[in-house]
Protein chains: 2
Amino acid sequence: MTTSLPALKNAATQLRIDSVRSTSEAGSGHPTSCLSAAEIVATLFFSEMHYDAKDPRNPDNDRFVLSKGHAAPILYSAWAEAGLFPREELLKLRRIDSDLEGHPTPRLSFVDVATGSLGQGICAAIGTALNARRIGSEYRTYVLLGDGEMAEGSVWEAADIAVYQKLDNLCGIIDVNALGQSQHTQFGHNMDEIAARWKSFEWHTIVVDGHDIPSLLKAYDEARATKGRPTMILAKTLKGKGLAAIEGKDGWHGKALKKGEETDKAIAELQKQMVDGASQPSVPGPRSKSRAEAAADYSKVAAPAYKKGDSVATREAWGVALAAVGAVDSRIVALDADVKNSTFSDKFEKIPNGKERFFENFIAEQVMVGASMGLAARGAIPFPSTFACFLTRAADFIRMGAISFANVKFAGSHAGVSIGEDGPSQMALEDLSMMRATHGCAVLYPCDAVSTERLVVEMAKHKGMAYMRTSRPKTPVIYGPDESFPIGGAKVIRQSSDDVAAVIGAGVTVFEALKAYDQLKSEGINIRVIDAYSVQPVDAKTMIEAGKATGGALITVEDHYPSGGIGDAVSEAVAAAGFAVTRLAVREVPRSGQPDELLDRYGISARRIVEAVKQLAASPAQPGARRS
Amino acid sequence: MTTSLPALKNAATQLRIDSVRSTSEAGSGHPTSCLSAAEIVATLFFSEMHYDAKDPRNPDNDRFVLSKGHAAPILYSAWAEAGLFPREELLKLRRIDSDLEGHPTPRLSFVDVATGSLGQGICAAIGTALNARRIGSEYRTYVLLGDGEMAEGSVWEAADIAVYQKLDNLCGIIDVNALGQSQHTQFGHNMDEIAARWKSFEWHTIVVDGHDIPSLLKAYDEARATKGRPTMILAKTLKGKGLAAIEGKDGWHGKALKKGEETDKAIAELQKQMVDGASQPSVPGPRSKSRAEAAADYSKVAAPAYKKGDSVATREAWGVALAAVGAVDSRIVALDADVKNSTFSDKFEKIPNGKERFFENFIAEQVMVGASMGLAARGAIPFPSTFACFLTRAADFIRMGAISFANVKFAGSHAGVSIGEDGPSQMALEDLSMMRATHGCAVLYPCDAVSTERLVVEMAKHKGMAYMRTSRPKTPVIYGPDESFPIGGAKVIRQSSDDVAAVIGAGVTVFEALKAYDQLKSEGINIRVIDAYSVQPVDAKTMIEAGKATGGALITVEDHYPSGGIGDAVSEAVAAAGFAVTRLAVREVPRSGQPDELLDRYGISARRIVEAVKQLAASPAQPGARRS
């Protein structure tokens, strides 16, 4: 033990004082949710955790994830107490000129993932714990949850997977303060009922008084000594602990004390709790030194081994490419949700060392994405994948991933009505919308195996989030193996000097556009056909050129609902040039049927494209709109 | 017991035969996942459940929810066996001309909610069970899950809430066939481990041999006799049961038998399992007659009681309006996820009988939305609400809600950067995108208290899904109490004969547009200001008129990311008229700060609007784009 008991007590009191003072200064925040956790955080930061307090990003530091993100002020106070920055900085809490935001984000060097959407931090903690194994480090991961969070299903997905992965380097602590936002929690202080749940999920479970420092220290010892499974410490606490007038009282959630008398009185009350003669808290350094990451050499990825005209599903080409990039970059890991034989992520599992870098999550998409965020925060490059429609299950995680600037590479297979007979529940028709609304996410939608393989390499090298949409049916290979596909590009695959319209597709609709081209050509009508494989960023230059060449006759066609997809992407890209876009998209809830039947019925087949081209060509370009 | 044991055995065999035959004819589907459940379904449909087999929509019928939706063929076979339609119809499985889709949807009279995204059916079943209480009916709800589904966190949200609601009219059955899609499930046939989890969540839990008919019947008896809590029956089964070559074997998930010899042999094998001398199965009618729903009289909703210039947050006006419509329409129920004091749904809880129609879900958005879908399927009009950003937690449920044509009315509060200091994790900046990509969903975003109240009435009366986005800060009332706000409309709130541009906002940006109007006016520049309170459907006519009046100088401004929101909605609406749209939107991951600071920093303040108008006005209308 590096810090004495009196010093730990004082550290807890200091965290309380700083949490109250900073939230009062900000005029908002959650002081009472900090106060309940003061002993937990003080003992973790100044006795249990091993880390370099001057180098929060050290790969061997123990990790702390604040799953109850609204208690951010106590996290910031702990790092100030550890000496990372001066205490006065805390008074900038929640200000636009400070990174000490209302909830923690990785703008701060000591935050791995943004929290504030409850039930996510524990999923990310699984990722940081898995990463320790990946890099051969002894670091441990600690995650602090609120008791209200246990209502979130994602917590139980995490509970399940942490045990499946035997994560004995993971220790959770639940701050059971018995008060939610709007009322008492479901279980209050019934610790046995809560413990029964964790025990049934096979966690080593310890119940303690969360304000008793020796009990907390003993629980951490027990957690460290527990092998083969994670530990959950259930800490019975009082919300607002330390302030007699507020302690354990409902109605104080998310309320700062009033600056001035109310705050001054509270701080005086806390200061009286300081004990004399305590030494300064100190922090032990990292437990181990991890091995250095091997450098990745992407030049070793072989060119795609397809011939033009081969028939290959892009989902399968994605699996081939994932295995190929995984073989040259040890940072790459793959995560599945029990569909690896449909998405073809099982090809990754089969490469040498693939099994160790392949994380099965069964049918639990939230923890798959949450763990990916944690892995990415510690230097891995995670490729989580499932059917595209089921990525929506993790939409809130993806949202928080964007706020975390997470380097995660998603793939969603079985996009659109082209899956056929399985019906609408399995058809992603809103995934492009979801991923385009994910800030900073590259959205890729290749049509053939060559472009798929090339784009997987681009995704792996890309800094930040990326999403690839793949298709179920086999499609012909149309590109040669040396073609390049930069993110943000597009391919003009048919053009002439007298194109009456430009048809912009991606994925399966590229082939409908090509069929439409052939038919129109046979009638003496030329169109431009563009493969918009990069939906975000979209290739504005190519689209505007197409607008100029066709008198503004731009038609998008996508196996997706009209909102938020390719039509909207192209539309925004050409708006400054004054062009409008005609959108062919799926405009009904589709039903089961054969892929071709469905493409036609829902308006995105070659026949429908031919109709749209003829209709647009019959309405001559007119003045009226603006160009910059 | 209405059906003899031999007849039940034969019914199970017949369901097997029909499941094999229909999937073989379709050439795809999940016969083995049907075969494991044959005795469960046969005993439910022909002994345990009370319903009118000729009238599947009867409000007092027992409900059956197939949470493992991929076993659809056995559900269809059961209804054929019950006499609802001729058995030959089953051979149209998965065809475009049949409603017997790959996974069940409410296109079928006997399906309450679409399933096929695992872990959702049990949440919907909570809704149908709550509804029995609401209408005073004795009907019971049965929900069949697969064992793989238990990995989904939503199942544990449901487990929690069903106990909290003391739903002893709910009985779950898990078909523990031990095989997932890509591999063995996590627990295989370790029934004790699975039972421990359900027991820890306080369900009455029964383990049975799922192929033993008397054991199943006894378990149902026990479930019916259990008071004050729901029952989960864990049925140990074999995937592919009945076909010796397939039974319990991995690698058969989602594979139809080959038509011809393979199928013929299988059917012959099953037919040998028929026993002689069994009577026909029969079905007992409903357990009770529920009371009729009281007619709703919306003319009794008082006009909004605000004066122009009052300062009221739309979230609060939404709470007032919810209480008002709830008072005149007993079908309306409200669902919360522990933020009722922030969204103001607690106003509904306080009306007479409000407590009985207010369902708390703690911090569990998936079960909140899933239960709403079940309630809606049985005639309730559910209003689930939480912070708009946390609705993304239920994105997959909302997606399935659209496929279910569910009459659910969502509200999301605390939209956009205008919430201020809490930071990006609490700011919905993609909710409009998510809800616009939800087929058939009306998306409403009022700016003041009067329009909010009027639009809540419109939502309640609207047939189908609807979403209202509300704001945290107080905004001035700008409309008189008699103004009407039809869904699909917009309000032109400033206009002149020489508008140089039209600024289209909604919610908080309406006021930024009004400030911009004043400033520009003082400089002698006129603009049109439009309140696009109906984002979907958007008022195309008003937008096109604005385009014509301003030479196509259309500017949208929204407290949302650029993808999928107001800019995209207006853009598509005016595309056919050849107009392009300039979009002001939030283009970075925002940070904490004061609302006004954030609106300005992220480009959607009055100042930024003034800049955009001046820039656009300086670039004269040019020919080039097309008009229809």
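**Exercise 1.** How much area do chain B and chain A bury between them, and what share of it is on carbon and sulfur atoms?

*Solution.* This is a predicted model. Start with the area: chain A and chain B together bury about 9,700 Å². Of that, 45% lies on carbon and sulfur atoms. Next, the residues: chain B puts 118 into the contact and chain A 117.

**Exercise 2.** Describe the salt bridges and polar contacts across the interface of chain B and chain A, then the makeup of the chain B side.

*Solution.* Count the salt bridges: the rule finds 12 across this interface. Check Arg591(A) and Asp99(B): their closest N and O atoms are 2.9 Å apart. The cut-off is 4 Å, so the pair qualifies as a salt bridge. Polar contacts come next, with 61 residue pairs between the chains. Helix H15 of chain B, residues 395-403, gives the most to the side touching chain A: 7 residues. By class, that side has 39 nonpolar, 45 polar and 34 charged residues.

**Exercise 3.** In what order do the 5 strands of the open sheet in chain A run, and which stand at the edges?

*Solution.* The order is E14-E16-E15-E18-E19, with mixed pairing. E14 (491-494) and E19 (581-584) of chain A each have a single partner strand, so they are the edges. Neighbouring strands turn by 25° against each other on average, direction ignored. Now take one pair: E18(A), residues 554-557, runs parallel to E19(A) over 4 bridges. Thr556(A) has Arg583(A) as its bridge partner in E19(A).

**Exercise 4.** Which strands of the sheet does helix H20 of chain A touch?

*Solution.* H20(A), residues 566-575, packs on the sheet and touches E15, E18 and E19 of chain A. Its direction makes about 175° with that of E19(A).

Conventions
Residues numbered from 1 in each chain as written. Chains lettered and ligands numbered in written order. Predicted model: local features only at pLDDT ≥ 70, side-chain atom pairs only at ≥ 80, totals over all residues. Heavy atoms only, no water. Contact = heavy atoms within 4.5 Å. Buried area = accessible area lost by both parts, 1.4 Å probe. Salt bridge = Lys/Arg side-chain N within 4 Å of Asp/Glu carboxyl O. Polar contact = N/O pair within 3.5 Å; in protein donor to acceptor, adjacent residues only side chain to side chain. Helix = DSSP H or I, 4+ residues; strand = E, 2+ residues; numbered from the N terminus. Nonpolar A, V, L, I, M, F, W, Y, C, P; charged D, E, K, R; others polar. Pairing = 2+ DSSP bridges. Axes fitted to C-alpha atoms, helices over the stretch in contact; angles between N-to-C directions.
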